[in-house]
Amino acid sequence: MSGTVRRAAVVALLIAWLRHPSGAEPATPEPPPHDPIAAPTSRSTPWLDLGSPPLLEAPSARAPSDHRLAAALTLGGVYAGFTTWTYFAWYRKHKPLAQFRFGGDGWFGARTYAGGADKLGHAWATMSLARTGTELLYQWGGYSRLLSTLVATTLSELLFVGVEVKDGFYYEFSWGDLTGDTAGALVAFALSLSPRLDELFDFRVEYWPSHEYRHQFDGGNINVAEDYSGETYLLAFHLGGVSALRDTCWGGWTRFVDLAVGYGTRGYKPDPPGGEPDYRHRQELSVGLSLNLQGLSDWLFEGRSRPAKKIGHGVFEVFNAGYVPAVEWRKVPSGTVMMGGA
């Protein structure tokens with residue numbers, strides 16, 4: 001048998017072997033999940049559709065990219081920028097106290113300086129910074145999810161503890177604010193490491209600059225964080241996270257609608273300019289429905305732009321728009337509201 005005939009015979013046998021089911025043909029793939037982000041599986045992360053479950057991943061598992069130094073430097077830049085903003089917003093025009101002051105501005109009392117919205121603001125800010133750091137280190141930096149979560153959550157908590165200590169020299173050290181910071185860090189830790197918890201809940205803020213703040217912004221007030229009159233904090237429950245609703249023939253709408261509990265205060269902060277009468281204060285607690293912009297963003301960019309889908313998913317994890325209260329309770333304080341800030 002000539003060499004050409006032998007080679008032809010070998011090729012024919014190889015093709016026949018590759019066509020055998022145990023050779024090249026793959027097994028029947030499992031059907032994809034309804035929504036790889038809104039409904040994480042054992043192959044998806046809470047925010048993004050990459051990676052494996054955080055507490056079960058193998059030690060050698062890596063995120064799709066590995067830019068460790070760049071991610072660490074970027075996160076450092078975020079912290080440097082935030083620290084610079086706090087100086088100009090909270091301390092630059094305020095004289096330090098003669099001595100460090102411990103105190104407390106209450107919790108959610110109607111006569112506290114922000115009506116309790118500041119406590120939710122501390123929790124939301126700590127959580128948001130921690131979750132941003134986690135995804136930056138994990139998705140872009142290539143660190144493990146557990147390490148990314150530990151580092152980002154610890155840094156966020158330490159930053160706001162430092163802010164509270166500095167407040168002790170300029171305003172007063174508030175145990176209530178510190179409790180809010182720690183609660184936010186714990187929420188971030190839990191959501192980052194529990195795909196199922198993150199599938200069901202979000203803690204978001206809906207914000208539109210209040211008339212009181214817009215008037216003062218023209219005068220150089222950059223303390224947008226204390227524009228509580230324009231903020232509503234929401235604990236949102238994803239209806240799309242309930243498979244019994246989502247997987248029905250008419251259940252597609254659930255990925256775009258959340259059941260939410262909202263809380264906000266009006267008239268407490270910002271303070272009126274000197275010499276003007278105080279604003280009318282009120283606290284607002286409500287239950288209603290909210291547009292799930294996260295689900296909408298995932299749907300719009302699915303198969304179109306992976307970077308846009310990731311960015312939208314992360315941004316709308318913590319920011320909200322389209323909340324409609326169905327039931328609302330309001331409370332107006334009787335008496336003088338305390339002054340305070342930061």
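Start with the whole structure in view: a search across all of it turns up three cavities of 30 Å³ or more. Keep in mind as you click around that this is a predicted model.

**Stop 1: a cavity**

Go to the second largest cavity, with its volume of about 50 Å³. Ten residues line this cavity, and to find its centre you can select Tyr268, Asp271, Val337, Met338 and Met339, the closest ones. How is such a space found? Rolling a probe the size of a water molecule over the atoms shows where empty space is left.

**Stop 2: the sheet**

Now switch to a cartoon view and pick out the open sheet. Its six strands come in the order 7-3-4-5-6-8, and the pairing is mixed. Which strands sit at the edges? They are strand 7 and strand 8 (residues 323-331), each of which pairs on one side only.

Zoom in on the strand 7 edge. Strand 3 and strand 7 run parallel there, joined by two bridges. Select Val205 and look across to strand 7: the residue standing opposite is Phe319. Next, bring up helix 10, which packs on the sheet and touches both strand 3 and strand 7. Turn the view until you can compare directions: helix 10 makes about 80° with strand 3.

**Stop 3: helix 9**

Select residues 293-301, and you have helix 9. Begin at its N-terminal end, where Asn292 acts as the cap: one of its side-chain oxygens lies 3.1 Å from the backbone nitrogen of Gln294. Then colour Leu293, Gln294, Gly295, Ser297 and Asp298, which are buried. What covers them? The cover includes strand 3 (201-207), strand 4 (231-238), strand 6 (282-291), helix 10 (306-318) and strand 7 (319-320), so show those elements together with the helix. Past the helix, stop at Gly303, which has a positive phi, near 75°.

**Stop 4: Leu239**

For the last stop, select Leu239 in the loop between strand 4 and helix 8 (243-246). Is Leu239 buried or exposed? With a relative accessible area of 14%, Leu239 falls under the 20% cut-off and therefore counts as buried.

Show what surrounds this residue. Setting aside neighbours within four places in sequence, Leu239 is in contact with Leu245, Trp253, Thr254, Val257, Asp258 and Leu259. Finish by drawing a line from Leu239 to Phe256: the two are 17 residues apart in sequence, and their C-alpha atoms are 8.3 Å apart in space.

Conventions
Residues are numbered from 1 along each chain as its sequence is written. This is a predicted model: local features need pLDDT of at least 70, side-chain atom pairs count only at pLDDT 80 or more; totals for chains, interfaces and linings use all residues. Side-chain values use heavy atoms; hydrogens and water are left out. Buried means under 20% relative accessible area, exposed over 50%, partly exposed in between (1.4 Å probe, protein chains only). Helices (H or I, at least four residues) and strands (E, at least two) are DSSP runs, numbered from the N terminus. Contact means heavy atoms within 4.5 Å. A polar contact is a pair of N or O atoms within 3.5 Å; within protein, one must be able to donate a hydrogen and the other to accept it, and residues adjacent in sequence count only if both atoms are side-chain atoms. Two strands pair if DSSP finds at least two bridges between them. Axes are lines fitted to C-alpha atoms, for helices over the stretch in contact, and angles run from 0 to 180 degrees between N-to-C directions. On a 1 Å grid over the protein atoms alone, a cavity is a set of points where a 1.4 Å probe fits but cannot get out, and a pocket is an open set with protein on both sides within 12 Å along at least five of seven lines; lining residues have an atom within 4 Å of a point. Grid points are joined across faces, edges and corners, and a volume is the space filled by probe spheres set on the points.
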